[in-house]
Amino acid sequence: MKHSLSLQIGPVAFRIGSTWAAPLDALARLYAGYPEPDRICDFTVRLEPESPWRRWVRPSVAIHGDYVLPDAAPMSLAHGLLAAEMGMNLQMALGQKHYLLLHAASVEKGGRALILTGESGAGKSTLAALLGERGWRLMGDEFALLDLDDGRLRAFPRAVSLKNGAIRVMEREVAAERFGPRLDGTPKGSIRHLRPNPRALEAMAEPARPALILFPRFGEATAVRPVGQAEVFMRLTQASTNYVSLGGAGFDALTKLVDACPSAAMDYPDTDSAVELVETLWEQAA
Amino acid sequence: MSGARLLVSALRDPASVRDGDWNALIAAARAEQLIGSLAFRLEGQKLPPKLEAILNAARRDANQQRVQALWEAEMTRRALAPLDIPMILLKGNAFHAAGFGASVGRSVGDLDILVPRESLVSVETALIGAGWERMKDADGYDDLYYRQWMHELPPLIHRTRDRMIDVHHTILPTTARPTPDAGALIADSLLLENGLRVLSPPDMIVHAAAHLFADGDLAGGLRNLWDIDRLLREFAVDPGFWPRLAERARLHQLSRPVALALRLAARLYGTPVDPSLADRGRLTDRFFEARLLARNSWGQPVRPALRFAFYVRSHWLRMPPLMLARHLWVKAKS
């Protein structure tokens, strides 16, 4: 491919090739300060025109690579950075077989991990990013990787993908140099990426023992409810992209996780009360 | 070296892999759905730890695919048991069920089965009663096309297990020029200890060759040819195998595709083949080889003109000219 770049995110190395320079330039700026990637990459991502003439005429970026979704719509070149991010996510979702992959955010304190999971829009990305600026280590905002052999969580601290209202929340919290460009009019609305802080990057190879699972929900009055183990298990199978394809190994890892971790559902009206609530629940769980 | 070339030489001679473009090898193996086969083939070689970890995950995944494939075959056997007809597993599922060397690391997607043509309606009804559903628009052109001209029913998908099944009544479209003897395929099939059925070894080779060279545009061809290599090495231990293969290829009117499969397996994977069956090489063999190897170090398909030529060829093989014209007309309008 004409342009290429490799990235190391937690235990996973990506090789990203592109027909155009712009998406990779944006990616290199956003991922400045990440460690030197492994020479052998786990996944290849390709950003290329849907058809040869679309390189020049109304350029559109098709997201290809080792693993491909057959009906994925191409994206505008202006959103090339988002296409690269989606390409990496796609490889993880379809091709990750080392770890049980949970669609969840995670943060760490004292070697122990807090897992935040819930549907899109529940606010887990924002909450994890905020905790990452307030005394916790951000392990990841999108995917939590559960080691099938030792049951520990591995960090996957890619750039945090902030959407719509969450962008302003974090702009108030973090210096401008850690942000990527603001992308308006994407399929998910406005998006701005945020590079995790140096502490998250320095410690990205350090695993953590899962200690608490929370199901946050934004936009409701403050409330905490217990969630039974069977329900936690079912919700985590739904939050996993590779639970079924891992077979027995996935079942064993998930059973151990649910057995070892207390859990709760929490509703919150705003981010400050969410942070406070998380700290309280974390102390209770300790 | 191209990605596909790297892949072929690693499969052919695992000891020859050297510290090189590992990323190209992995990308090509994934694109050709040969990562599991490669992972087992390279087991025991001295490799960088990172590569070893990637291949280890691929082996684990392949083992899980085997479990799922056998489970799907068993569920289908149970669904069709009341009909009391022979149900024969084809392709990857058959290799796994029979425990052939070709199944080591072999990826499996859909389940392919062969049943007698006169049982098609009752098979479809039984499957739908057991949780499979139609995918294509039930009376659109595609559905009609399948039922009238193809060698299989329109694909069905299982409601809860989300797995596809292709029910065949023969091994080539009815519009293709060769007419394989479907009755003989079924009559000679083997009953395995686990209650499942597979084609006889010579018919298995004939089917693999027909699938690769008498139908389709050679997409995924390196994997099909790797199947042929593994199967031939296992079957040829029996000295009576080659004459039986010659006889069955003639019976099914597929001697030329079988000869071509033998020549290309020998060329790419070094498969030992009977020279009288493989016949003399032809000039066009080079085009087939080039098409099979048309993938670069990023896993991208290359040589678009050659690929397009094989795409056109696949339609030409499948349909008489007038029918092809009508098909293209309908497809262009939709």
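Which residues of β2(B) point one way from the strand, and which the other way? In this predicted model, B:Leu111 and B:Ile113 are directed to one side of β2(B), whereas B:Asp112 and B:Leu114 are directed to the other, and all are buried. In a regular strand, side chains alternate between the two faces of the sheet.

The strand β2 (111-114) of chain B belongs to an open sheet of seven strands, ordered β3-β4-β5-β2-β1-β7-β6, in which the pairing is mixed. The edges of this sheet are occupied by β3 (132-134) and β6 (190-191) of chain B; each has a single partner strand, so one side of each is left without a neighbour in the sheet. Within the sheet, β2(B) pairs with β5(B) in the parallel sense over four bridges, and B:Leu114 has B:His168 of β5(B) as its bridge partner. The pairing of β2(B) with β1(B) is antiparallel and comprises two bridges; here B:Ile113 is the bridge partner of B:Leu89. Strand β1 (residues 88-89) of chain B is also joined by two bridges to strand β7 (residues 197-198) of chain B, and these two strands run parallel. B:Leu89 stands opposite B:Val198 of β7(B) in that pairing. B:Leu89 thus has B:Ile113 as a partner in β2(B) and B:Val198 opposite in β7(B).

Several helices of chain B were examined in relation to this sheet and to one another. Helix α6 (residues 120-129) of chain B lies across β3, β4 (156-158) and β5 (164-168) of the same chain, and runs at about 165 degrees to β5(B). Helix α5 (residues 91-98) of chain B is mostly covered, with eight of its eight residues buried. These buried residues are B:Lys91, B:Gly92, B:Asn93, B:Ala94, B:Phe95, B:His96, B:Ala97 and B:Ala98. Their cover includes the strands β1, β2 and β7 of chain B, together with the helices α4 (49-80) and α9 (201-213) of chain B. After α5(B) comes B:Gly99, which has a positive phi near 70 degrees.

Helix α9(B), part of the cover of α5(B), also packs with helix α12 (residues 255-269) of chain B. The axes of α9(B) and α12(B) are 8 Å apart and form an angle of about 90 degrees; the two helices are therefore roughly perpendicular to each other. The contact is formed by B:Ile205, B:Val206, B:Ala208, B:Ala209, B:Ala210, B:Leu212 and B:Phe213 of α9(B), which meet B:Pro257, B:Val258, B:Leu260 and B:Ala261 of α12(B). By class, this contact has eleven nonpolar residues, with no polar and no charged residues.

Elsewhere in chain B, B:Leu293 is located in the loop between α14 (285-292) and α15 (304-318). B:Leu293 has 20 other C-beta atoms within 10 Å and is therefore buried. Residues up to four places away in sequence not being counted, B:Leu293 touches B:Ser2, B:Ala4 and B:Arg5. The C-alpha atoms of B:Leu293 and B:Gly221 are separated by 9.1 Å, although these residues are 72 residues apart along the chain.

For chain A, the domain assignment gives domain 1 (3-95) and domain 2 (100-157 + 196-285). The centres of the two domains of chain A, taken over C-alpha atoms, are separated by 27 Å. Nine residues of domain 1 are in contact with twelve residues of domain 2 in chain A. On the side of domain 1 of chain A that touches domain 2, the largest share, three residues, comes from helix α2 (residues 80-95) of chain A. By class, that side of domain 1 has six nonpolar, three polar and no charged residues.

A:Ala239 is placed in the loop between α6 (229-238) and α7 of chain A. With 18 other C-beta atoms within 10 Å, A:Ala239 is partly exposed. Its contacts, leaving aside neighbours within four places in sequence, are with A:Leu102, A:His103, A:Ala104 and A:Thr117. The C-alpha atoms of A:Ala239 and A:Pro157, 82 residues apart along the chain, are separated by 18 Å.

Between the chains, 15 residues of chain A are in contact with 17 residues of chain B. On the side of chain A that touches chain B, β2 (12-18), β3 (43-49) and α7 (243-246) of chain A each supply at least two residues. That side of chain A comprises, by class, four nonpolar, five polar and six charged residues.

Methods
Residues numbered from 1 in each chain as written. Chains lettered and ligands numbered in written order. Predicted model: local features only at pLDDT ≥ 70, side-chain atom pairs only at ≥ 80, totals over all residues. Pairing = 2+ DSSP bridges. Contact = placed C-beta atoms within 7 Å. Axes fitted to C-alpha atoms, helices over the stretch in contact; angles between N-to-C directions. Domains from an automatic or database assignment. Nonpolar A, V, L, I, M, F, W, Y, C, P; charged D, E, K, R; others polar. Buried ≥ 20, exposed ≤ 12 C-beta atoms within 10 Å, placed from the backbone. Parallel < 35°, antiparallel > 145°, perpendicular 65-115°, else oblique.
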